[in-house]
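Trainee: Got a moment to walk through this one with me? I'd like to practise reading it piece by piece.

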Amino acid sequence: MINLIRAVFPHWNFFDRISHSFELEFKTAISHQWQRISFDQKREIFSLFINPNCNMVLAQMNIIEHFVSDLQDSKDNKTSYKLLTSLVRVKVNELGIKDQKIQFKIVSVMENKMDDLFVSEIHL
Amino acid sequence: MTLGSIVSLTAQCLASVMILQSLELIVLCLKKDFFSIWSFENLKEDLKFKFLFSNTSFRVTILLQLMTAIFALFYSDSFLFGFLFITHLLICMRFRGTFNGGSDMMTFVLLTGVFISLAGTTEKIQKLGLIYITIHTVYSYFKAGLAKVIRSEWRRGEALPIFLNRSVFPEIRKFSQWINKSHLLKMIFAWGVILFELIALTLPFFTDYTQVYFITAVIFHAIVFVSFGFNRFFWIWLCAWPCILYCLNLWYF
């Protein structure tokens with residue numbers, strides 16, 4: 001519960017510690033090749049005032065970080081996993097890939113070193 | 001400016017920012033993919049008082065926040081800002097803590113400070129609300145700088161290109177590769193950020209320079225927006241500045 005209201009208790013450490021960044025990759029039953037999911041954004045007019053697409057992508061990236069944090073803390077990550085699976089499904093659908101079995105993984109990146117941190121089960 | 005006009009100005013700025021935040025969320029809710037991810041079905045196990053967080057309740061909360069913020073723009077009333085605090089909290093909880101990290105935290109700081117100032121019946125309590133906002137904002141700059149300066153990767157200038165390389169904008173990632181080639185550039189940018197943030201703590205002692213710092217802060221937040229797309233950070237930190245300019249002058253009276 002405290003975690004849900006943590007924004008009420010501010011802390012002001014921004015961009016301080018260089019930690020791992022995470023990439024999301026998926027493969028389908030047909031391709032068998034891991035493909036990176038992109039979160040790249042284009043600049044939009046008026047985005048200084050209203051920036052829904054970029055803020056949604058930032059929130060999507062938070063889902064990955066939240067999942068990894070739960071994983072590392074050995075917390076119950078059922079909700080994080082559900083969110084992550086839905087995120088992958090949405091991103092894969094955006095690429096025009098529908099109705100296929102998919103598997104995804106989280107890759108931990110530090111400088112040029114990449115490690116598989118988590119590999120999901122196969123989803124319908 | 002008088003105490004009353006500063007409280008009103010801060011309240012109006014905050015209401016305007018919360019209108020923008022609400023509109024952003026309304027646009028998101030209209031996207032079909034949004035509830036495919038942040039559906040009540042996905043989130044319900046984490047949430048207590050489930051009726052407050054259904055997909056419909058979420059939409060209603062955002063609409064209520066928008067309407068309240070519009071009212072608050074014209075009527076600076078503590079009840080309205082207390083209500084905005086609740087809607088903002090419900091929205092953050094629906095995103096498992098925060099939707100937009102630090103900007104949500106600063107929104108709470110401003111909501112609390114404005115609420116105290118508007119609810120305060122004496123001048124002292126009204127000032128207390130503004131001082132609360134000022135302390136948090138000045139400390140937010142300083143703490144961010146302190147957290148950086150204690151890390152060798154920041155002092156060596158290596159951290160900044162790494163963070164820029166994680167931007168969602170490809171052109172910023174290209175820029176990070178460009179500055180990464182020059183040790184001098186890396187050091188200039190990194191120490192520019194560190195010094196700007198650390199200097200905030202000296203503002204109460206050099207109030208003549210507060211306006212210069214304010215202009216630098218606007219440029220700094222604009223650069224952060226261009227680099228990472230943090231528009232919410234830009235506006236909410238700017239909202240706090242009328243309080244800072246007012247409160248730092250109180251220091252000498």
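Mentor: Sure, let's start with a term: buried means under 20% relative accessible area, exposed over 50%, and partly exposed in between (1.4 Å probe, protein chains only). Bear in mind that this is a predicted model, where local features need pLDDT of at least 70, side-chain atom pairs count only at pLDDT 80 or more, and totals for chains, interfaces and linings use all residues. Residues are numbered from 1 along each chain as its sequence is written, chains are lettered from A and ligands numbered from 1 in the order in which they are written, and side-chain values use heavy atoms, leaving out hydrogens and water.

Trainee: How many residues of strand β3 of chain A are buried?

Mentor: Strands (E, at least two residues) and helices (H or I, at least four) are DSSP runs, numbered from the N terminus. β3(A) covers residues 102-110 and is mostly covered. Of its nine residues, the buried ones number eight.

Trainee: Which residue is the bridge partner of A:Glu23 in β3(A)?

Mentor: Two strands pair if DSSP finds at least two bridges between them. Strand β1 (residues 21-28) of chain A runs antiparallel to β3(A), joined by eight bridges. In β3(A), the partner of A:Glu23 is A:Val107.

Trainee: And what stands opposite A:Ile106 in β4(A)?

Mentor: β3(A) also pairs with strand β4 (residues 113-119) of chain A, antiparallel, over six bridges. The two form a hairpin with two residues between them, and A:Glu111 in the turn has a positive phi of about 50 degrees. Opposite A:Ile106 you'll find A:Phe118.

Trainee: On to the interface: which residue of chain A meets B:Arg173 in a salt bridge?

Mentor: A salt bridge is a side-chain nitrogen of Lys or Arg within 4 Å of a carboxyl oxygen of Asp or Glu. Chain A and chain B have five of them between them. For B:Arg173, at 2.9 Å from N to O, the partner is A:Asp40.

Trainee: How many residues does each chain bring to the contact?

Mentor: Contact means heavy atoms within 4.5 Å. By that rule, chain B brings 63 residues, and chain A brings 52.

Trainee: Why does B:Ser227 count as buried?

Mentor: B:Ser227 sits in helix α12 (residues 210-228) of chain B. Leaving aside residues up to four places away in sequence, B:Ser227 touches B:Leu164, B:Ser167, B:Phe169 and B:Ile172. B:Ser227 counts as buried because its relative accessibility is 8%.
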